[in-house]
Amino acid sequence: MRLRKGAFFSLSQEAAPPMIVERVPVGPFQMNSYLAGCGKTGEAVYIDPGAEVERVIALASERGLRITKLIGTHAHLDHAEGAAEAKEKLGVPYLLHKAELYNLKNMPEAARRYGFPAPPVPEVDGFLVPGETLSAGELTFEIRLTGGHAPGNVTLYLPDGEGAPGHAFVGDSLFAGSVGRTDLYMGDGAVLLEGIRTRILSLPPDTVVHPGHGPETNVGIEKETNPFCQPGGERLLA
Ligand SMILES: [Zn+2]
Ligand SMILES: [Zn+2]
């Protein structure tokens, strides 16, 4: 009987959360790097390799995660300054939306403006195409374009399943109580709010939102309380 009980217990442990998420705020901009890994296979994506690459890689191995892809939500300095280093250390591809190549190549100039040393500009190994998916173990993320802060800012969406909420990694489009700035290269307030409304706020309300800066939130909370997400929110960006 005991043996059976033990076996049952270990079976129920297998129904662990399907995705392991780690948020690591890094560098002077406190940009959130994320590890999103499959709870079954341990395969993970490293979203936005910015500063403190070694710390994120160490955390991955501590959590038993094997990073197989580097994903850029977009290529502003804080989100991509560690991409070359992470590629070299992990030997895995770096994927980005095509429209972010300008920002990627502009990183040294952006760094100079902040008085920081220029980071190496990495080669991009593949493009993130909205409407397509990418996988990590048994997780499948949808790629959604949520521009307006940066032209190729993408949201990675993991749909909900079996009672677990979905997850959206949104880059710098939507934050808890705010939205991304629109005064940088190709910034556009109308595009930003349109993308947020149609491609993030249209998701189920319990979808967990993981922004590029600050704490996590969810779709329902932002829909109800974020001033930029209310009718006429455009006026706040004018
Ligand atoms: Zn940004
Ligand atoms: Zn940022």
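1. Burial first, since the counts hang on it: a residue is called buried if 20 or more other C-beta atoms lie within 10 Å of its own. Keep in mind that this is a predicted model. By that cut-off, buried residues make up 41% of the 238 residues in the protein.

2. On the overall fold, you're looking at eight helices and 14 strands. The radius of gyration comes out at 18 Å, close to the 18 Å the globule rule gives for 238 residues, so the protein is as compact as a globular protein of that length. Along the principal axes, the C-alpha atoms fill a box of roughly 70 × 45 × 30 Å.

3. Contacts next. Take the pairs between residues at least 6 apart in sequence: 58% of those contacts join residues at least 24 apart.

4. The largest nonpolar core has 51 residues. Leu-35, Ala-36, Ala-44, Tyr-46, Ile-47 and Ile-200 have the most contacts inside it. Ala-44 is worth clicking on: leaving aside neighbours within four places in sequence, its contacts include Leu-35 and Ala-36, along with Leu-65, Ile-67 and Ala-136.

5. Now the sheet. Six strands make an open one, ordered β7-β8-β9-β10-β13-β14, with mixed pairing. β7 (133-136) and β14 (217-218) sit at the edges with a single partner strand each, so one side of each has no neighbour in the sheet.

6. Inside that sheet, have a look at β10 (residues 167-171) and β13 (residues 208-211): they run parallel and are joined by four bridges. If you want a starting point for tracing the pair, His-167 has Val-208 as its bridge partner in β13.

Terms used. Residues numbered from 1 in each chain as written. Chains lettered and ligands numbered in written order. Predicted model: local features only at pLDDT ≥ 70, side-chain atom pairs only at ≥ 80, totals over all residues. Helix = DSSP H or I, 4+ residues; strand = E, 2+ residues; numbered from the N terminus. Rg over C-alpha atoms; globule rule 2.2 N^0.38 Å. Buried ≥ 20, exposed ≤ 12 C-beta atoms within 10 Å, placed from the backbone. Contact = placed C-beta atoms within 7 Å. Core = buried A, V, L, I, M, F, W, Y, C linked by C-beta atoms within 7 Å. Pairing = 2+ DSSP bridges.
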